[in-house]
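Q: Got a minute to go through a structure with me? I'd like to talk about side chains and rings.

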Amino acid sequence: MAKMAFQHQAGTAMECLSIPITLHKEQDYDQEGREILKCGFKIGGGIDQDYKKSPQGYTDYGIYVTEVHEGSPAARAGLRIHDKILQCNGYDFTMVTHKKAVSYIRKNPILNMLVARKGVTST
């Protein structure tokens, strides 16, 4: 798989399209039988992570989608691998720790996200 090199400097304009995505989580159960809400994607990055060590080759501290499960709410909502989450339910994701991003995503049953997708500059 080819590495994506995101050459973006914080605070500078980024040529991309901000894509609004609304994700409705799915009710499911974990291994202990507890009710959980599944969204079907994983993230990487954050201001507390060293992006130079990211296997995806990202070049900033943003929160990126690293995995989207087939047939999941995330896939149905149109989320894609390497999307950069700029905002989630009005909360700024551009300068957030990994842990804070994960907890924020977990606590809401509906995620209204704004994502940047490299290479997409118009609809």
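What follows is a short chat about aromatic pairs, one aspartate and a surface patch.

Q: Before we start, what kind of model is this?
A: It's a predicted model.

Q: OK, rings then. How many aromatic pairs does a search of the whole structure find?
A: Five aromatic pairs turn up. One of them is Tyr-51 with Tyr-61: the ring centres are 4.8 Å apart and the planes sit at 80 degrees, so that pair is edge-to-face.

Q: Where do Tyr-51 and Tyr-61 lie?
A: Both are in the loop between E4 and E5, so the pair ties together parts that are 10 residues apart in sequence.

Q: And how accessible is each of those tyrosines?
A: Tyr-51 has a relative accessible area of 21%, so it's partly exposed. Tyr-61 is at 35% relative accessibility and also counts as partly exposed.

Q: Any stacked pair to show me?
A: Yes, Tyr-91 and Tyr-104 are stacked, at 4.6 Å centre to centre with 20 degrees between the planes. That pair links distant parts of the chain, since Tyr-91 is in strand E7 and Tyr-104 is in helix H2, 13 residues apart.

Q: Tyr-104, is that buried or exposed?
A: Buried, because its relative accessible area is 14%, and the cut-off for buried is under 20%. Tyr-91, at 29%, counts as partly exposed.

Q: Which residues make up the ring cluster there?
A: Tyr-91, Phe-93 and Tyr-104, linked by ring pairs.

Q: Back to Tyr-51. Which residue lies over its face?
A: Lys-52 does, at 4.9 Å from the ring centre.

Q: Switching topic: where's Asp-60?
A: Asp-60 is in the loop between strand E4 (41-45) and strand E5 (63-68). It's buried, with a relative accessible area of 8%.

Q: What does the side chain of Asp-60 reach?
A: The backbone nitrogen of Gly-62, at 2.9 Å. The Asp-60 side chain also makes a polar contact with the side chain of Lys-84, at 2.8 Å.

Q: Last topic, the surface. Which residues make the nonpolar patch?
A: Ile-47, Tyr-61 and Met-95 make a nonpolar surface patch of about 290 Å². So Tyr-61 turns up again here, after its edge-to-face pairing with Tyr-51.

Q: And Met-95, where does it lie?
A: In the loop between strand E7 (91-92) and helix H2 (98-107). Met-95 is exposed, with a relative accessible area of 57%.

Definitions and conventions:
Residues numbered from 1 in each chain as written. Predicted model: local features only at pLDDT ≥ 70, side-chain atom pairs only at ≥ 80, totals over all residues. Heavy atoms only, no water. Patch = residues over 30% accessible without salt bridge, like charges linked within 9 Å, V, L, I, M, F, W, Y side chains within 5 Å. Areas by Shrake-Rupley, 256 points an atom, 1.4 Å probe, with all protein chains shown as cover. Salt bridge = Lys/Arg side-chain N within 4 Å of Asp/Glu carboxyl O. Helix = DSSP H or I, 4+ residues; strand = E, 2+ residues; numbered from the N terminus. Buried < 20%, exposed > 50% of the residue type's maximum accessible area, 1.4 Å probe, protein only. Polar contact = N/O pair within 3.5 Å; in protein donor to acceptor, adjacent residues only side chain to side chain. Phe/Tyr/Trp six-rings, centres within 6.5 Å; stacked < 30°, edge-to-face > 60°. Lys NZ or Arg CZ within 6 Å of the ring centre and 35° of its normal.
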